[in-house]
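Subject: Structure handover

Dear colleague,

I am passing on the structure we spoke about, with a short account of what was found in it. Please have the model open while you read, since the notes go through it feature by feature.

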Amino acid sequence: KSCMGKKIGEEDMKLILKIPPGIDSGYEYRFEGKADWNPGFVEPGDLIFIINDSGDDFFKREGCNLIIMRDISLKQSLIGFKFRICHMDGRILELTSNDIIKPDDIMKIEGEGMPKGPGEFGKGDLIIKFNIIFPSHLNGNRKDYLDKILPDINLTKLDKKLSEESNCEIKKLKPYVMFESARVKDRKSYTDDELYN
């Protein structure tokens, strides 16, 4: 009587979805036999939840590692720095370095990434990728000061030989816009006769 002869009815049920720490996108959680039942089949199907990681504005995920981008000044890259971040679990971490950080350097804090997932122990690492902000302008006094305190690179034999040559042309460098030299206006095609005769 409750199904009005349709063999199926509605049922309210409470299901608890347990999402372990460290789960990545694509993880499936299955409730066996909790999907709809169709009179044409012996058993009801499974209810499957697929976890989708929505991401984070500050932390990027790569496997069980967490990656952050950090801008530092040229001064900080040379003499060291310390800065604080709020981790995903609410802890405040102070990150310090006394090393020289070069462009494209990547550093890590071990064990401060994501949990490695079900059946595994430990955590990934927190990876910091640095972007060094160079000053846009230096006055003459600062240039002179930097020239005195910063070391030069060692000249190669060829550099030394060329520096002693008296006959040379002075050329001033200008900013380059990517692909500007590759643009060719009114490209013309040539025949072999025109090129080689």
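The notes below take up the sheet, then the salt bridges, and then a patch on the surface.

Before anything else, please keep in mind that this is a predicted model, and that every value below was computed from it.

The sheet

Four strands are arranged as an open sheet, in the order β3-β4-β8-β7, and the pairing within this sheet is mixed. The edges are taken by β3 (60-62) and β7, and because each of these has a single partner strand, one side of each is left without a neighbour in the sheet. From one strand to the next, the twist averages 35°. As for the pairing between β7 and β8, these two strands run in the antiparallel sense and are joined over 4 bridges; within that region, I106 has K129 of β8 as its bridge partner. As general background, strands of a sheet pair through backbone hydrogen bonds, in either a parallel or an antiparallel manner.

The salt bridges

The structure holds 9 salt bridges, and I describe some of them here. As a general remark, side chains of opposite charge can pair when their charged atoms come close.

One of these bridges joins D46 to R30, with the closest N and O atoms 3.1 Å apart. This pair links distant parts of the chain, since D46 lies in the loop between β1 (28-31) and β2 (47-50) while R30 belongs to strand β1, the two being 16 residues apart. D46 has a relative accessibility of 31% and therefore counts as partly exposed, and R30, with a relative accessible area of 43%, is partly exposed as well. The pair also belongs to a network of salt bridges in which E28, R30 and D46 are linked.

Another bridge is formed by E94 and R84, whose closest N and O atoms are 2.8 Å apart. Here too the pair links distant parts of the chain, with E94 in strand β6 (residues 92-97) and R84 in strand β5 (residues 81-86), 10 residues apart. E94 counts as partly exposed at 40% relative accessibility, whereas R84, with a relative accessible area of 60%, is exposed.

A further bridge connects D125 with K108, the closest N and O atoms being 3.8 Å apart. D125 sits in the loop between β7 (106-109) and β8 (126-133), and K108 in strand β7, so that distant parts of the chain, 17 residues apart, are linked by this pair. Is D125 buried or exposed? Its relative accessible area is 18%, and because buried means under 20%, D125 counts as buried. K108, by contrast, is partly exposed, with a relative accessibility of 46%.

The nonpolar patch

On the surface there is a nonpolar patch of about 660 Å², made by L78, I79, I100, Y145, L146, I149 and L150. Two elements, α1 (74-79) and α2 (140-149), give two or more residues to this patch, and the largest share, 3 residues, comes from α2. Y145, which is one of the residues of the patch, is found in helix α2 and is exposed, with a relative accessible area of 53%.

With best regards

Note on methods. Residues numbered from 1 in each chain as written. Predicted model: local features only at pLDDT ≥ 70, side-chain atom pairs only at ≥ 80, totals over all residues. Heavy atoms only, no water. Patch = residues over 30% accessible without salt bridge, like charges linked within 9 Å, V, L, I, M, F, W, Y side chains within 5 Å. Areas by Shrake-Rupley, 256 points an atom, 1.4 Å probe, with all protein chains shown as cover. Salt bridge = Lys/Arg side-chain N within 4 Å of Asp/Glu carboxyl O. Buried < 20%, exposed > 50% of the residue type's maximum accessible area, 1.4 Å probe, protein only. Pairing = 2+ DSSP bridges. Axes fitted to C-alpha atoms, helices over the stretch in contact; angles between N-to-C directions.
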